[in-house]
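Please walk me through this structure, beginning with how the chain meets its ligands and ending with the spaces enclosed inside the protein.

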Amino acid sequence: MDTTERETIAAYEGPDSRRLLARLRDVMAGGGSGQDRLNEIVGLIAVEMRADVCSCYVMRAGEVLELFATQGLNQSAVHKTRLRVGEGIVGDIAAHARAMALEDAPSHPSFAYRPETGEDPFQSMAGVPILRGGKVRGVLVLQHKERRHYAEELVETLQTIAMVVAELVAAGELVNAQEISNQGDPVLLPARLSGVALNPGLAMGLAVVHRPQVTIRQMIAEDEGKEQERLSEALTAMHSAIDDLLAAAALAGLGEPRDILETYRMFAEDRGWLSRIREAIRMGLTAEAAVQQVQNDTRVRMSHLTDPYIRERLLDLDDLTNRLLLHLAGKKSEADGATLPDDLVLVARSLGPAELLDYDQRRLRGVIVEEGSPSSHVCIVARALDIPVVQVSDALNRIEAGDPLIVDGDHATIFVRPAEDIQDAFTQSMDLRARREEMYTQTRSLPSVTRDGVPISIQLNCGLLIDLPHLHASGAEGIGLYRTEIPFMVRSTYPEVDVQTDLYARIMDEAGEKPVIFRTLDVGGDKMLPYMSSGEEENPSLGWRAIRIGLDHPSLLRQQLRALLCAAAGRPLSVMFPMVAEVAELEAARNILNLELERLVEHGREPPSTLRVGAMIEVPSLLFQLPALLPRVDFVSVGSNDLTQYVFAADRGNPRTASRYDPLSPPMMCLLRRLVEACSEAGVSLSICGEMAGRPLDAMALIGIGFRSLSMAPPSVGPVKTMLRSLDVAALRQYMQGLFQRPDHSLRPKLKAFAKDHGVLI
Ligand code: PEP
Ligand code: MG
């Protein structure tokens with residue numbers, strides 16, 4: 001658009017929002033039916049906002065938006081014009097729960113003309129979703145005949161008004177309450193729902209629906225000063241409640257969750273968030289309405305963002321909002337209820353880490369959320385507590401409080417009101433699981449040696465402080481992969497050198513005599529840091545990640561290496577570089593390490609007693625440089641997760657391709673066998689730390705081709721040790737000789753048959 005055109009466009013900042021809210025309050029408090037009040041409200045908005053049209057669409061059963069009231073369109077269209085969610089601009093606003101302000105509405109691709117409304121002469125349009133309880137309940141729209149540019153303030157005012165209208169809709173005065181609660185068709189029959197597994201395990205219990213939604217009775221303030229004061233008091237109460245949780249988490253010895261809660265407390269003190277709430281009170285809202293308005297606004301603004309970190313922070317903010325609303329309402333969290341069942345499964349739209357810890361951990365068996373991801377804070381906490389978590393998108397519509405539930409975190413499934421035979425089957429599975437766990441516990445103190453006497457070193461993959469107790473409990477020899485990026489990912493700011501030093505020192509302290517291999521930051525790809533933007537990448541896993549970032553931003557790598565060297569202080573240190581694609585990269589990284597070592601000595605600090613340097617074998621190009629690589633490293637470790645994705649050109653995170661190729665296939669087995677031979681000739685220690693090392697059958701094949709060191713997640717130690725203690729390596733080696741040249745897609749069936757015939761416990 002050129003400047004002359006823009007100058008002709010009327011700009012309108014918006015009405016005096018305090019006056020408009022005050023008038024709305026009078027309408028809301030006045031008599032008449034819900035429909036009468038809605039008619040009055042659209043009329044009032046049209047006048048105050050100098051709009052030619054103000055219309056309100058309300059969500060009906062079946063995801064249909066019905067025109068409920070209008071000022072400016074044909075009255076005969078009221079209760080007749082209906083749009084599906086996603087249809088037209090109004091449907092688009094509802095589908096994405098986001099505001100739209102269009103100078104030239106008819107040229108928008110979603111524009112759908114409805115002749116019965118008589119809306120053809122209208123040029124510009126601004127609409128906002130009517131949100132309540134995280135759901136879209138309708139859409140509020142302004143239209144103008146003349147073309148105009150809508151200022152952001154106007155859209156914000158419209159959002160505030162939409163909150164007031166939302167109360168009218170939720171009160172059941174427009175659409176009966178039954179229809180509202182039925183939106184989403186509750187099913188009372190037994191149901192089996194598939195979702196996404198966020199944390200493995202099995203659980204059974206009764207549903208406790210976590211609905212922290214507080215009904216806001218009064219939206220418009222009588223006295224601004226009083227509302228600001230109420231907010232301050234509620235904030236103080238909330239801060240002290242979070243402090244109590246922090247203290248309790250510390251008492252319970254929850255290492256990392258405590259860090260997470262601290263990050264969370266920072267959110268609670270976030271000035272931007274608070275000042276937006278205070279501003280909304282200044283506009284005329286009550287403290288509750290202001291808190292809710294800011295949350296709606298944040299959700300709307302961020303709803304289109306797909307960055308998992310930001311989406312998780314949004315869940316944390318939901319949690320904080322709910323807490324603050326509870327404090328404002330002077331209510332206690334429902335987690336306090338003495339009537340909670342002994343075995344409870346928590347069902348929530350979203351859940352923050354603090355909310356999870358509010359519930360009595362002795363009774364909490366499982367969690368079902370509608371939103372969340374495996375790296376969300378609540379999952380990290382749930383993992384520490386060993387609670388299965390499954391994400392099911394419409395869980396709240398399908399589950400009623402008190403419903404018996406089974407959460408199968410191993411198969412991403414939940415059973416709602418399961419039939420008795422299913423309950424019996426799961427009870428048996430849970431008993432079996434408990435017995436198996438018991439058996440694995442017993443292998444802990446037994447030697448990690450095959451039936452024919454070949455010792456196999458079992459190491460752990462860790463990333464959180466709470467993983468460390470497993471190191472001693474599992475009987476593993478050391479940590480074969482410490483993923484340093486995980487502690488970086490759960491923070492909202494970059495950890496300074498001394499914070500990193502403390503963390504690494506704590507890990508070495510906890511590990512004691514057991515060796516730890518620290519892998520330098522492996523971020524990028526699917527592991528983004530909130531405070532480090534790499535911009536959009538078309539192929540993130542082939543993009544700017546791991547050592548590539550470290551070499552392009554040497555200060556980042558230097559700081560991490562400095563922290564590791566300082567933390568070691570006279571103790572042995574092993575450093576491993578991820579995603580090395582060529583020997584020159586390793587050399588460059590090693591030079592940085594040497595510089596930091598010199599600096600350490602110059603500063604008179606004690607260097608590590610030994611310093612071992614290794615590379616991960618994840619990028620196939622490095623396999624073609626083994627003669628140059630092996631003399632330059634003390635050890636290598638196969639990152640089979642990435643190596644498999646690059647060897648087969650199949651995205652490890654894409655379910656369509658991830659399971660298409662099997663690491664137990666001739667190409668991978670041949671390639672890994674050659675690596676074993678090369679390392680053994682060069683006298684370089686070799687390990688493998690990708691997920692396959694922790695799967696008993698895969699681990700068996702790896703041992704068969706010569707691997708003697710496997711690093712895996714803590715729960716895999718028992719099953720893998722049980723397998724190897726029943727394995728005759730010599731027989732397997734001989735059997736596998738005949739497999740490498742086969743044309744098979746996968747060698748898995750043959751290896752399974754071997755295990756069965758030879759009594760290998762897989
Ligand atoms: C791997 O790629 O196999 C590996 C261990 O690293 P990550 O899974 O952390 O990428
Ligand atoms: Mg990797």
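In this predicted model, a polar side-chain atom of E618 lies 2.8 Å from an oxygen atom of ligand 1, a polar contact being a pair of N or O atoms within 3.5 Å. An oxygen atom of ligand 1 is also 2.8 Å from an N or O atom in the side chain of R519, while a polar backbone atom of N641 lies 2.7 Å from an oxygen atom of the ligand.

E618 also serves the magnesium ion (ligand 2), whose protein donors are E618 (OE) and D642 (OD), at 1.9 to 2.1 Å; donors are N, O and S atoms within 2.8 Å of the metal (3.2 Å for Na, K and Ca), and water is not among the atoms, so sites may look incomplete. The two donor residues are 24 residues apart, with E618 in the loop between β21 (611-617) and α22 (626-629) and D642 in helix α23 (residues 640-648). Both E618 and D642 are buried, that is, under 20% relative accessible area with a 1.4 Å probe and protein chains only.

Turning to the lining of the largest cavity, α4 gives the most, with three residues, and β2 (53-60), α4 (88-96) and β7 (135-144) each supply at least two; helices (H or I, at least four residues) and strands (E, at least two) are DSSP runs, numbered from the N terminus.

Residues are numbered from 1 along each chain as its sequence is written, and chains are lettered from A and ligands numbered from 1 in the order in which they are written. Local features need pLDDT of at least 70, side-chain atom pairs count only at pLDDT 80 or more, and totals for chains, interfaces and linings use all residues, while side-chain values use heavy atoms, with hydrogens and water left out.

Conventions. Buried means under 20% relative accessible area, exposed over 50%, partly exposed in between (1.4 Å probe, protein chains only). A polar contact is a pair of N or O atoms within 3.5 Å; within protein, one must be able to donate a hydrogen and the other to accept it, and residues adjacent in sequence count only if both atoms are side-chain atoms.
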